[in-house]
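Student: I have a model open and I'd like to learn how to read it. Can we go through it together?

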Amino acid sequence: MKTHNLISKTLFILLLLVSFVGFTQNQFEKEILAFEKQDSLKMPVPQKILLVGSSSLRLWNTWQQDLQGFPVINRGFGGSQMSDANYYFDRIVSKYKPALILLYEGDNDINAGKSPEVVFADFKEFVGKVKTQLPKTKVVYISIRPSLARLAALEKQKLANRLIDDYCKKEKKLKYLNVHDDFFLPSGELMPDIFVADKLHLNAKGYTIWTKKVRGYLEKNWKK
């Protein structure tokens, strides 16, 4: 009887885990389908710059004017993690055949309890997919940025950034773009006035800092 109960409990836990994984992926299906509908009306031409990642990209409402002059596609989907970018890779990355990918993930991963090492492993999985399916494409990883709402995770964010930075330095087609440090005052204090009310997402001033770094990189390195 005890063995039967143990098996039943184990199966129940496994079913819960499967259901949770399914939920975390399916919660983005509506956004992914919206992208696909948009593509069905007008499919972007290949060899563009692809923004892919979480809400820092999705909520970047001025990205078109901020990156004016560059051929950019934005496929940010809010709340996503690195594992989600991997899961939807064929539907929101490889199909566009981009020349350059600007990737922002990792913030939500750490907040969800994943270790910096897991974030790093998922990043390497993403890079592996690019190498296999898009061997000529360059990947720029936009570092995890800090926020007032997630100050407790700051050291884990820094470690994940450092692991990815060290890895990118060893790979020709990878680049680590440090936006993390730009949000701090000379005193070392995080700027208090660059977030909206939730103290997590950037306001207009925050995106001005973000844009300066991203656009600055493109101006120096985009040769298409």
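Tutor: We'll take the sheet, then a helix pair, then the core. This is a predicted model, where local features need pLDDT of at least 70, side-chain atom pairs count only at pLDDT 80 or more, and totals for chains, interfaces and linings use all residues. Residues are numbered from 1 along each chain as its sequence is written, and side-chain values use heavy atoms, with hydrogens and water left out.

Student: In what order do the five strands of the open sheet lie?

Tutor: Strands are DSSP runs (E, at least two residues) and helices likewise (H or I, at least four), numbered from the N terminus. Two strands pair if DSSP finds at least two bridges between them. Here the order is β2-β1-β3-β4-β5, with parallel pairing. The edge strands, β2 (72–76) and β5 (174–177), each pair on one side only.

Student: How many bridges join β1 and β2?

Tutor: Five, with β1 covering residues 49–53. Gly53 stands opposite Gly76 in β2.

Student: Is β2 mostly covered or exposed?

Tutor: Buried means under 20% relative accessible area, exposed over 50%, partly exposed in between (1.4 Å probe, protein chains only). In β2, five of its five residues are buried. Val72, Asn74 and Gly76 point one way, while Ile73 and Arg75 point the other.

Student: Now helices. What describes two packed helices?

Tutor: The angle between their axes and the distance between the axes. Axes are lines fitted to C-alpha atoms, for helices over the stretch in contact, and angles run from 0 to 180 degrees between N-to-C directions. For α8 (residues 116–133) and α9, the angle is about 35° and the axes are 8 Å apart. Contact means heavy atoms within 4.5 Å; among the residues making it are Phe120 and Phe123 of α8, and Leu159 and Leu163 of α9.

Student: Which residues have the most contacts inside the largest nonpolar core?

Tutor: A nonpolar core is a set of buried Ala, Val, Leu, Ile, Met, Phe, Trp, Tyr and Cys residues joined through side-chain atoms within 4.5 Å. This one has 65 residues, and Ile101, Phe126 and Trp210 have the most contacts inside it. Not counting residues up to four places away in sequence, Trp210 touches residues including Trp60, Tyr104, Ile142 and Phe183.
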